[in-house]
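Visitor: I would like a close look at a single part of this protein, with each term explained as it comes up.

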Amino acid sequence: MKKLLLFALPLFLFSCKPGVEAHKVAIEELGTSWDAATSAVTEFSNGITTDINGYTESASALMLDSVTTASLKGDVATKWAEATTAYKAATSDAYAPVQNELNEFVTMWTAKAGEVTALKDGLAAGKIEGDIPAKIADLSSLVTQANEKVAAWTAKKAELKTAADSALGMLKSVYEVVAPKK
């Protein structure tokens, strides 16, 4: 019995990893999933910025100066007003809520990134302060939230892009009718 105890004790001690090492796998997985979610959020943000910049450039080429706009009369003036209003509603007005939500999320995400870095650095140094499992759970929950938000935003962006493209087409067709011929 004594020999069994002497044999089992070192195995038991090695199986009970001290402190940080007990959380190594979880911290490494968190770091990997955090980096992937960060890339997804960044890619989405860049995509929405590209869309908005593209619509802004397209609209600037199709806008009439104030003198020309003031000279429009009757049905043509009404169509121009409707087209510009629809374009604004489908682009800057429609994208604004998604941009605001994205900006708020990115601000929070950036603030929490320091906690992930602290866990990784603590793992490398062999010492982490605080409740490690709670930190990992909290940050893992944020990764899940980021992935869900990106999926929802991507679906919304597709809807917005369809509406904005339609409004741009309408604006172009009205512009071709009302623009002064060169």
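Visitor: Which residues does Ala146 touch, not counting residues up to four places away in sequence?

Guide: Ala146 touches Ala37, Val41, Phe105 and Trp109 once residues up to four places away in sequence are left aside, where a contact means heavy atoms within 4.5 Å. This is a predicted model, in which local features need pLDDT of at least 70 and side-chain atom pairs count only at pLDDT 80 or more, while totals for chains, interfaces and linings use all residues. Residues are numbered from 1 along each chain as its sequence is written, and side-chain values use heavy atoms, with hydrogens and water left out.

Ala146 itself is found in helix H6, a helix being a DSSP run (H or I) of at least four residues, numbered from the N terminus. With a relative accessibility of 0%, Ala146 counts as buried; buried means under 20% relative accessible area, exposed over 50%, and partly exposed in between, with a 1.4 Å probe and protein chains only. Trp109, one of the residues that Ala146 touches, is 37 residues away from Ala146 in sequence, yet their C-alpha atoms are 8.6 Å apart in space.

H6 (residues 132–178) is also where confidence is highest, at a mean pLDDT of 96, whereas helix H1 (residues 2–15) has the lowest, at 39; pLDDT is the predictor's confidence in each residue, from 0 to 100. Over residues 1–17 the pLDDT is below 50, and this stretch has 1 contact in the model beyond near neighbours in sequence. For the protein as a whole the mean is 88, with 88% of residues reaching 70 or more.

H6 also helps to cover another helix, for the buried residues of H4 are covered by elements that include helix H2 (24–62), helix H3 (66–71), H5 and H6. Those buried residues of H4 are Trp80, Ala83, Tyr87 and Ala90. They lie on the same side of H4 because they cover an arc of only 110° around the axis, the arc being that of the directions from the helix axis to the C-beta atoms. An α-helix has 3.6 residues a turn, so residues three or four places apart point the same way. On the other side of H4, Gly74 and Thr85 are exposed.

Just after H4 (74–90), in the loop that leads to helix H5 (92–125), comes Thr91, which is buried with a relative accessible area of 7%. Leaving out residues up to four places away in sequence, Thr91 touches Tyr55 and Ala164.

Definitions and conventions: Helix = DSSP H or I, 4+ residues; strand = E, 2+ residues; numbered from the N terminus.
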